[in-house]
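Subject: Structure for you, with notes

Hi,

Here is the structure I promised to pass on. Please open it alongside this email and follow the notes as you go.

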Amino acid sequence: ILIRMYNKNLIPKAQDLRKNMTPQEKKLWYGYLSKYPLRFRRQKPITKYIVDFYCAKAKLVVEVDGNQHYTKEGLAYDEKRTTFLENVFKLKVIRFKNEEVDNNFQQVCNTIDKVVKERIN
C-alpha cells in the first residue's frame, strides 16, 4: 500500500501555522534552523499531520511542545503520530518542551545538530 507523504489539503492550515508560530517556534526558526546548513521546512504537511520542522535530507522531524502535549490525550496522540511517522516514513522525531527552547536554547541546537549529523552519516 502506497501512502503519499504530501497532503495538499493541509497547505492552508500549514500556512496559517507558519504565520502564527509560537514564541518558541519563532526562536528556534529564526535563531537557528532557518540558517542551518541543511534545509529545514517549517510547518510541513506530512500525510494527515503537520510537523513543526522537517529536514528531508536527514529524515528528521523536530517538534516544539507546549503544555497541551502533556495531557493524557496529548501524549497518546503524539505517541501515535510519532509511531506512524517513524514506521511508515522512517523519519526520526525529536521533541523539545517550550521551556527547553526558552531556557536551554544552545543545548536544543546542539542536540538537533548532533541528530542531523548521525542521520546523514
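Below is what I found, starting with one strand and working outwards. Please keep in mind that this is a predicted model.

**Strand β3**

Start with β3, residues 60-65. The strand is mostly covered, and six of its six residues are buried. Which of them point which way? L60, V62 and V64 point to one side of β3. V61, E63 and D65 point to the other, and all of these residues are buried. The general pattern is simple: side chains in a regular strand alternate between the two faces of the sheet.

**Its neighbours, β2 and β4**

β3 has a partner in β2, residues 49-55. The two strands pair in the antiparallel sense, over three bridges. One contact to look at is C55, whose bridge partner in β3 is L60. β2 and β3 make a hairpin, with four residues between them. K59 sits in that turn and has a positive phi of about 50 degrees.

β3 also pairs with β4, and here the strands run parallel. How many bridges join β3 to β4? Six. Among the partners, E63 is matched with R95 in β4. Both of those residues come up again below.

**Salt bridges**

The count of salt bridges comes to five. Three of them are worth going through one at a time.

First, E63 and R81. Their closest N and O atoms are 3.3 Å apart, and the two form a salt bridge. E63 is in strand β3 and R81 is in helix α3, so the pair links distant parts of the chain, 18 residues apart. Are these two residues buried or exposed? Both E63 and R81 are buried.

Next, R95 and D78. This salt bridge has its closest N and O atoms 3.6 Å apart. R95 lies in strand β4 and D78 in helix α3, so the pair ties together parts that are 17 residues apart in sequence. The two ends differ in cover. R95 has 28% relative accessibility and counts as partly exposed. D78 has 6% and counts as buried, because the cut-off for buried is under 20%.

Then E118 and K114. They form a salt bridge too, with the closest N and O atoms 3.4 Å apart. Both are in helix α5, residues 105-120. Because they are four residues apart there, about one helical turn separates them. E118 is partly exposed at 49% relative accessibility. K114 is exposed, with a relative accessible area of 53%. Salt bridges that share partners also join D65, D78 and R95 into one network.

**The positive patch and K90**

Now for the surface. Which residues form the positive patch? K59, K90, K92 and R119. K59 is the residue in the β2-β3 turn mentioned above.

K90 deserves its own look. It lies in the loop between α3 (72-89) and β4 (92-97). Why does K90 count as exposed? Because its relative accessibility is 55%, and the cut-off for exposed is over 50%. K90 also has a positive phi of about 55 degrees, although it is not a glycine. For context, most residues other than glycine have a negative phi.

**Q43 and L33**

Q43 also has a positive phi, near 50 degrees, and is not a glycine. Q43 lies in strand β1. With a relative accessible area of 2%, Q43 is buried.

Last, L33. This residue is in the loop between α2 (23-31) and β1 (41-46). L33 is buried, with a relative accessible area of 1%. How far apart are L33 and Y54 in sequence and in space? They are 21 residues apart in sequence. In space, the distance is 9.8 Å, C-alpha to C-alpha.

**Where to look**

If time is short, go to β3 and its six buried residues. Then follow E63 to R81, and R95 to D78. Finish at the patch of K59, K90, K92 and R119.

Best wishes

Conventions. Residues numbered from 1 in each chain as written. Predicted model: local features only at pLDDT ≥ 70, side-chain atom pairs only at ≥ 80, totals over all residues. Heavy atoms only, no water. Patch = residues over 30% accessible without salt bridge, like charges linked within 9 Å, V, L, I, M, F, W, Y side chains within 5 Å. Areas by Shrake-Rupley, 256 points an atom, 1.4 Å probe, with all protein chains shown as cover. Salt bridge = Lys/Arg side-chain N within 4 Å of Asp/Glu carboxyl O. Lys, Arg positive; Asp, Glu negative; His and termini not counted. Charge placed at Lys NZ, Arg CZ, Asp CG, Glu CD. Buried < 20%, exposed > 50% of the residue type's maximum accessible area, 1.4 Å probe, protein only. Pairing = 2+ DSSP bridges.
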